[in-house]
Amino acid sequence: MRKKFLVVTMCVCMAFMTAACSTGTTNNETTNNSSAGDTTAGENASAEGESESAAEDTKVDVYNTIFQDNGYVKDIKASDLVQLYDYSQLKTIAKADVEPTEEEVQATIDEQRKLFATTKQVTDRAVEDGDIICMDFTGKIDGVEFDGGKSEDYVFDPNYDNFIDGFYEQIIGHTPSEEPFDIQVTFPDPYERNPDLAGKDATFTIVLKYIEEDELPEFNDAFVQDTLGATVTAEEYRQQLKESIQSDNVLEYLYDKVIAESTVENIPTSITDALRAIVDDTSMQQAADAGMELEEFYEQVDPTGEQRENLCAEQAKVILVIQAIAEKEGIEATDDNVLSYFGSEDTRDGYVEYFGKGYSYSGALPILTMQKLAENVTIE
């Protein structure tokens with residue numbers, strides 16, 4: 001359910017921009033290796049220090065400008081701006097629209113199992129695309145080793161590591177063995193990490209040591225009771241999980257319905273201006289990660305600004321529709337009732353400290369309002 005509510009986490013909506021930007025830069029990333037380790041380690045240590053310093057700051061001034069402590073927008077009566085869908089007519093929801101499939105329940109269980117997974121080293125099969133591997137490699141150009149082209153026991157994760165084009169792809173299909181094999185690659189041009197290598201052909205000798213696989217614990221009574229801390233059997237836990245997912249699906253169904261069927265004629269500029277500031281703040285961080293200034297980042301991923309404007313308009317509508325329902329039902333976010341959104345007092349207090357109380361609590365309003373609406377709905 002929480003994934004549908006964008007106020008506290010609306011920065012996630014900009015992730016498509018990061019993906020678009022990464023597509024253009026991934027292939028120019030250098031091969032990480034032991035020779036570059038000293039320099040890279042120093043850079044990483046500096047970056048970590050900067051990150052920790054930034055984490056000590058807060059986003060209150062950017063994110064909390066328009067919200068009251070109860071999660072409402074300041075100086076706005078949403079019911080005056082919203083033509084609200086008459087949700088009182090929504091008495092029943094078809095079970096088929098909200099009941100989770102067994103596959104969905106199992107997927108949720110598997111996600112919980114992954115949290116307690118261990119790893120094992122596999123040597124009896126070929127590498128498949130997406131596998132994490134451990135290898136030694138030595139790079140040569142015209143038969144001569146070059147600085148930064150050698151590493152031992154390097155664990156490569158294709159989800160995070162960016163090697164030059166064709167490196168990992170040529171390892172796919174090989175089975176771990178003590179026997180080395182060669183791959184051929186061409187360094188991109190330009191190549192910022194080491195301009196001397198730009199455009200040159202290189203041979204890497206690979207010793208593939210093992211494939212790293214997750215080994216998930218079995219889903220049984222012992223896992224449920226000893227690991228998850230539940231007091232029921234595995235099958236009872238599965239049923240409880242199914243009911244919980246269905247409850248979330250009901251809230252999402254109601255949320256989608258009231259947002260889609262409600263209209264907002266005039267959105268106050270105070271709201272859209274605040275949302276643009278939030279988008280800029282989030283995008284600035286993403287631009288920095290991609291090594292760009294904000295203007296350059298926008299030019300690459302959203303040059304007309306249309307996506308940003310649509311995002312802000314959509315989010316403003318959500319804020320106003322949810323507040324209109326909250327006003328009608330007499331719902332306000334409080335220190336106690338927001339816990340169903342945040343999950344714990346520590347999480348709640350962390351959000352409040354970083355984003356401000358009003359902004360943080362505005363993210364809980366959708367769940368509070370949909371829970372109220374769900375009280376009058378039956379599943380058939």
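Q: In this model, is Asp142 buried or exposed?
A: The model is a predicted one, and in it Asp142 is found in the loop between β4 (132-141) and β5 (144-156). A residue counts as exposed when its relative accessible area is over 50%. The relative accessible area of Asp142 is 77%, so this residue is exposed.

Q: Near what value is the positive phi that Asp142 takes in the hairpin of β4 and β5?
A: Strands β4 and β5 run antiparallel and are joined by 7 bridges, and Ile141 stands opposite Val144 in β5. The hairpin that these strands form has 2 residues between them. Asp142 is a residue other than glycine, yet its phi is positive, with a value near 55°.

Q: What is the relative accessibility of Asp75, a residue that is not a glycine and has a positive phi?
A: Asp75 has a phi of about 60° and is found in the loop between α3 and β1. Asp75 counts as exposed, because its relative accessibility is 78%.

Q: Is Asn70 buried or exposed?
A: Asn70 is found in the loop between α3 (60-63) and β1 (82-83). Leaving aside the neighbours within four places in sequence, Asn70 is in contact with Glu332, Ala333 and Leu365. A residue counts as buried when its relative accessible area is under 20%. For Asn70 that area is 12%, so the residue is buried.

Q: What distance separates the C-alpha atoms of Asn70 and Tyr361?
A: Along the chain, Asn70 and Tyr361 are 291 residues apart. In space, the separation of their C-alpha atoms is 6.4 Å.

Q: Which residues of strand β6 point to one face and are buried?
A: Strand β6 covers residues 181-186, and its side chains alternate along the strand. Asp182, Gln184 and Thr186 point to the other face and are not buried. The buried face is made up of the residues between and beside these, namely Phe181, Ile183 and Val185.

Q: Which residue of β7 is the bridge partner of Val185?
A: Val185 is one of the buried residues of β6. Strand β6 pairs with strand β7 (residues 201-215) in the antiparallel sense, over 6 bridges. Within β7, the bridge partner of Val185 is Ala202.

Q: Which residue does a cis peptide bond join to Asp189?
A: The omega of this bond is about 5°. The partner is found in the loop between β6 and β7. The residue joined to Asp189 by the cis peptide bond is Pro190.

Q: How far apart in space are Lys114 and Glu215, C-alpha to C-alpha?
A: Lys114 is found in helix α5 (residues 102-114), and with a relative accessible area of 47% Lys114 is partly exposed. In sequence, Lys114 and Glu215 are 101 residues apart. From C-alpha to C-alpha, their distance in space is 8.2 Å.

Q: Why do α7 and α14 count as roughly perpendicular to each other?
A: Helix α7 (residues 234-261) and helix α14 (residues 365-374) have axes 9 Å apart. Angles of 65 to 115 degrees count as roughly perpendicular. The two helices therefore count as roughly perpendicular, since they pack at an angle of about 100°.

Q: How many nonpolar residues are in the contact of α7 with α14?
A: On the side of α7, the contact is made by Val250, Leu251, Leu254, Tyr255 and Val258, while α14 contributes Pro366, Met370, Gln371, Leu373 and Ala374. By class, there are no charged residues and 1 polar residue, and the number of nonpolar residues is 9.

Q: How many charged residues are in the contact of α8 with α9?
A: The axes of helix α8 (residues 269-289) and helix α9 (residues 294-301) come within 9 Å and cross at roughly 95°, which means that α8 is roughly perpendicular to α9. The residues in contact are Val279, Asp280, Ser283, Met284, Gln286 and Ala287 of α8 and Leu294, Phe297 and Tyr298 of α9. Of these, 6 are nonpolar and 2 are polar, and the number of charged residues is 1.

Q: Over which residues is the pLDDT below 50?
A: The mean pLDDT of the protein chain is 86, and 85% of its residues reach 70 or more. One stretch has a pLDDT below 50, although it has 98 contacts in the model beyond near neighbours in sequence. Where pLDDT is low, the predicted coordinates should not be read in detail. The stretch concerned is residues 2-56.

Methods. Residues are numbered from 1 along each chain as its sequence is written. This is a predicted model: local features need pLDDT of at least 70, side-chain atom pairs count only at pLDDT 80 or more; totals for chains, interfaces and linings use all residues. Side-chain values use heavy atoms; hydrogens and water are left out. Axes are lines fitted to C-alpha atoms, for helices over the stretch in contact, and angles run from 0 to 180 degrees between N-to-C directions. Helices (H or I, at least four residues) and strands (E, at least two) are DSSP runs, numbered from the N terminus. Angles under 35 degrees count as roughly parallel, over 145 as roughly antiparallel, 65 to 115 as roughly perpendicular and the rest as oblique. Contact means heavy atoms within 4.5 Å. Ala, Val, Leu, Ile, Met, Phe, Trp, Tyr, Cys and Pro count as nonpolar, Asp, Glu, Lys and Arg as charged, and the others, Gly among them, as polar. Buried means under 20% relative accessible area, exposed over 50%, partly exposed in between (1.4 Å probe, protein chains only). Two strands pair if DSSP finds at least two bridges between them. pLDDT is the predictor's confidence in each residue, from 0 to 100.
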